[in-house]
Amino acid sequence: MKKILKITGISVISLFLLLFISPYLFPDTINREVQKTINSSIKGEVKFESTNLSFFKHFPTLTLSLNEFMLKGAAPFEKDTLLYCKQLSFGVNLSTLFSSQIKIDKVFLDESVINIKVDEKGNANYDVYQSDDKPTEKTDTASTAIKIDGIFISKSKLSYEDQSVPMLISAKGLNYTGKGDLSQAVFDLSSKAQIESLDVYYDKEPYLLNKKIDARLVTKINTNSLELRFDENDLKINSLPIHFIGRFAFIEDGYDINFRTKAKETDLHNIFTAMPPAIAERMERTKIKGYAEVKASLIGKYLAGKKIMPTLSFSLKIREGEIANPKAPEPISKLYINLQTKLPSLDMDSLYINMDSLYFNLGKDYVGAMVNLRGLVTPELYVKSKVNIDLEKWAKIFEIEQLRGRFLMDFDAQGTYTKKVVRSGIRKVDTVIATIPTFKLRSSLENGYFKHHAVASAIDKINFNIQGDNTDGDYKHTTLEMTNLNVQALSNYIRGFARFKTSGSTPIDVQLNGLLNLAEIKEFYPLKDLELNGKLNLNVKVKGGYSKAKKRFPVSEVNILLNDGRIKTAHFDQALERISIDGVLTNRDGTLKSTVMNIKPISFEMGGQPFQLKAAVQNLENVKYNITSKGSIDIGKMYKLFAVKGYDVKGSVFTNVAFSGLQSDAMAGRFDRLNNRGKVVIKEMTFNSDLFPKSFLVNNGVFSFKQDKMKFDQFKGRYGKSDFSMEGFLGNVVNYVLSDKSKLTGNFTLKSGKLFADEFMAYNDGDSGTPSNTAAGVIIIPDNLNVSVNANAGSVFYNGLEIKNAKGNLVLNNGTMSLNQAAFNLVDANVTMDATYKSLTPLSATFDYRILAKEFDIAKAYKEIKLFRDLATSASKVKGVIGLDYNLSGKLNGDMMPVYPSLKGGGVLSVKKVSLMGFKLMNAVSKATDRDSLSNQDVSEVQIKSTIANNIINIERFKMRVAGFRPRFEGQVSFDGRLNMKGRLGLPPFGLFGIPLSITGTQENPKVALKRNKEGKLEETAEE
């Protein structure tokens, strides 16, 4: 017996000794095999500080631990950490330690941080596994086999951020155990998971916060089809037990999801424990009874690249609910809720909500509602709601101490809210309300009180009555009024009433008076990143409507006073300070004539730059004005101060002006009675006009005012790629500002290095000359101008042409541009032109011009001028010099190209010296008459007169001398190239005898017959 005990003792001691020394005997072998496996399987960057082997870390498993392990993600997340482990361990099957194949069967992640990310395109950072498609060859009997039977995660954090959904899941205090034969193609994974704190956000909105999770899961995993089936799964979110089943499959470019969860016949108290912490903590001190059911599902394909998303559904049912709190005098009783929601394709625009019942009592108080909502873009709404409740009683149930008041509401609504697009200008598009649900609203709050938990003081008095109606869904027939308004917080208050009607003779009836101490706002309402100071006094009495045609103005008595104002935001280091507003508006009898407005003043300072505006205006039928302004405004700083997103605005304005006078004096030309003077300086400012698709940038503008004139002392600017500078003046400025029908007059000198005319086309929003499927529009000439411009442009680019050294006088009047004695260089030819141009609509215009070009090269003209190619299609190979004296008028289409049937005109084409080599018409005559000498000859001193109408060019008879022959031609040519001409080939020596010619066909393929042309005239195309 002693021998047996001795042998046993020695064996046990030897075994423990072996367990202790084995990690030191074989570390290099195991380290090498694990490193080899990682490098062959992972394509992300892998780092770890050190390794160690131990039997005692996860006894009795021999474990290889990688300390401070870090794995980077797959593209495009190569710089982000996918996995960090304080210690990543691999369990080695002890029985295989001395065999030819070492088996790893367990993975341990201790104190790890797992960051899973998916970008907006669906690219995932976890795609780091590197497969080897090459056939395996048995080359080494010593190898490592991975046959995972268990995954163990402890004290870890998990973050899943999917920007394509967008969803964020954050789990802290994660402990997970998963067991199964992971080496099989199809296996069951039994899992246990505990999470100390789970947060779930969708589209940046929290849905779960700080929830404890306890889960028991059985998952069937098919690695061949990349599918996971959840057959028996039970979760507990705080105290709420949830059962869920489903399927999750990896498919091409995404996932196929089918998740269904339910908490059936659970206690209502369990529902509240799963709510956000602020509510759940309060509810721990309440008694909650009742029956509840919760169901949810997420079903469908998720394909981020194709923007295909699954559908989310949720339903909640509560019966016989009761919520009581010892601090509340009465419980909430008879709580009933029936709620179904659906979010097809996770698209908020398709949201569906059906709450066919919400009801509860609070003593004798009650809340009842039915709500049905379909969609958010054009929502279809049905609401019936009645509320009569003491808010203090309700608040005490939920331990909200900062809410009081008797609230009543009776609200019915039914119908669809729709919008429509209205074009209010050439390109300006407004989205306006088309229809609204019909509704009837009666609501009131008496002795209201509210205190936000983040501030020290309360809004301690809130009273109002609201009444609104719409009976037909036309928003113009809406009435809304708020009476008995009385709100007070600290020294701040607003009292009065406001009534609005969208129709009728009295659309506005408002009486409000109030005091707002801006510095006190933060005491009763949380202000983030905003500092306010100043006292605002407001006294408003307005009743009536405005109609310029009927000379009506609301009876008004308005006083606004703000002293020592200051605004400072966290977005900019400078404050808008020393703000002062003192304004008065009065109207005694409802006429335009009795209106008086006095601003005395508006002033502020920013960055040490002060600005002040004073204005006194009265009698809107014959405006008497007295306005002064002095100071600087940095527009760029203003945008930074208020953090206006999407704009990078620069620019500044300096003013030192004084305007005073009477409108009737300006209209009658009694400018000596006006007293308008001063200077305005603008730098790096951008201006927009509905007439033009791009913005005007004023690099530097210095303007001076005297009586009715505004002088451009300096003006340099850009429009798109065009640059220009101007000097001159605008007249009739006062009338233009005060009257809709008045025109600006003026005279300017304009200089430009490069002027891109295409950029001024009404709808040309792209780069100049860029083809588009839609018409670029014509250049709009304003109809409220009567301005003369002496222009000088180095280069003008239009429809692919470059016009050089353009000079001339332009007159813009009544929407028409007249060009007088313009001179320019086109295809190296000097050209003079007189022209008129008038824009009819944004897509049509008329023109009328006379062009004179003494000499220009045919080959260059054919190559560079489209209109020339259209008028002379057969001149593609003709070389030489011609002159042109021509009148042409017609219409332009939406691309500023001629509408050919509308063209009318006439003139002379002078042939100076032209080589007919390749001229198809003469080649056809040569072939028909068997006279080779007629081909490829030179022609000079020929005058060709023609007229244009109805898509036809009528050519008068003209004669030529060619190689001793004396041909003559006359007839018709259409713009689509058809020919109907006749001629005679005079024979040498004097042409007394000749051969008759009939020329038909097309310019590309003329047909010549030796006979008289008895064809009728070409079919004309009349203008539509």
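**Two cores, a surface patch and a set of salt bridges**

In this predicted model, the largest nonpolar core has 101 residues. Leu88, Leu268, Tyr302, Ile323 and Leu576 have the most contacts inside that core. Its top contributor is strand E8, residues 186-202, which gives 7 residues. Another core lies apart from it and holds 98 residues. Ile780, Ala835, Ala924 and Leu997 are among the members of that other core. In soluble globular proteins, nonpolar side chains tend to be buried together.

Take Tyr302 as a way into the larger story of contacts. Neighbours within four places in sequence are set aside here. Tyr302 is then in contact with Val118, Asp162, Ser164 and Val165, among others. Its list also includes Asp253, Gly254, Tyr255 and Ile257. Ile308, Met309 and Pro310 complete the set.

Now step back to the whole chain. The protein chain has 12 helices and 51 strands. Of its 1024 residues, 42% are buried. Consider contacts between residues at least 6 apart in sequence: 51% of them join residues at least 24 apart. The chain exposes about 55,900 Å². Carbon and sulfur atoms supply 54% of that exposed area.

Some nonpolar side chains sit at the surface. Tyr126, Leu226 and Phe250 make a nonpolar surface patch of about 260 Å². Phe250 belongs to strand E11, residues 240-251. Its relative accessible area is 34%, so Phe250 counts as partly exposed rather than buried. The cut-off for buried is under 20%.

Charged pairs come next. The whole structure contains 28 salt bridges. One of them joins Asp188 to Lys220, with the closest N and O atoms 3.0 Å apart. Asp188 lies in strand E8 and Lys220 in strand E9, residues 205-222, so the pair ties together parts that are 32 residues apart in sequence. Strand E8 has appeared before, as the strand that gives the most to the largest core. Asp188 itself is partly exposed, at 38% relative accessible area. Lys220 is partly exposed as well, at 33%.

Glu45 and Lys47 form another salt bridge, and their closest N and O atoms are 3.2 Å apart. Glu45 has a relative accessible area of 37%, which makes it partly exposed. For Lys47 the value is 45%, again partly exposed.

Which residues are joined with Arg229 into one network of salt bridges? Start with the link between Arg229 and Glu227, whose side chains meet at 3.1 Å, N to O. Arg229 is partly exposed, with a relative accessible area of 38%. Salt bridges that share partners then join Glu227, Arg229, Arg247 and Asp256 into one network.

End at a loop. Where does Ser594 lie? Ser594 is in the loop between strand E29, residues 576-587, and strand E30, residues 596-606. Leu576, named above for its contacts inside the largest core, falls within the residue range of strand E29. The side chain of Ser594 makes a polar contact of 2.5 Å with the side chain of Asp589. Beyond four places in sequence, Ser594 touches Thr586, Asn587, Arg588 and Asp589.

Methods. Residues numbered from 1 in each chain as written. Predicted model: local features only at pLDDT ≥ 70, side-chain atom pairs only at ≥ 80, totals over all residues. Heavy atoms only, no water. Helix = DSSP H or I, 4+ residues; strand = E, 2+ residues; numbered from the N terminus. Polar contact = N/O pair within 3.5 Å; in protein donor to acceptor, adjacent residues only side chain to side chain. Contact = heavy atoms within 4.5 Å. Core = buried A, V, L, I, M, F, W, Y, C linked by side-chain atoms within 4.5 Å. Buried < 20%, exposed > 50% of the residue type's maximum accessible area, 1.4 Å probe, protein only. Patch = residues over 30% accessible without salt bridge, like charges linked within 9 Å, V, L, I, M, F, W, Y side chains within 5 Å. Areas by Shrake-Rupley, 256 points an atom, 1.4 Å probe, with all protein chains shown as cover. Salt bridge = Lys/Arg side-chain N within 4 Å of Asp/Glu carboxyl O.
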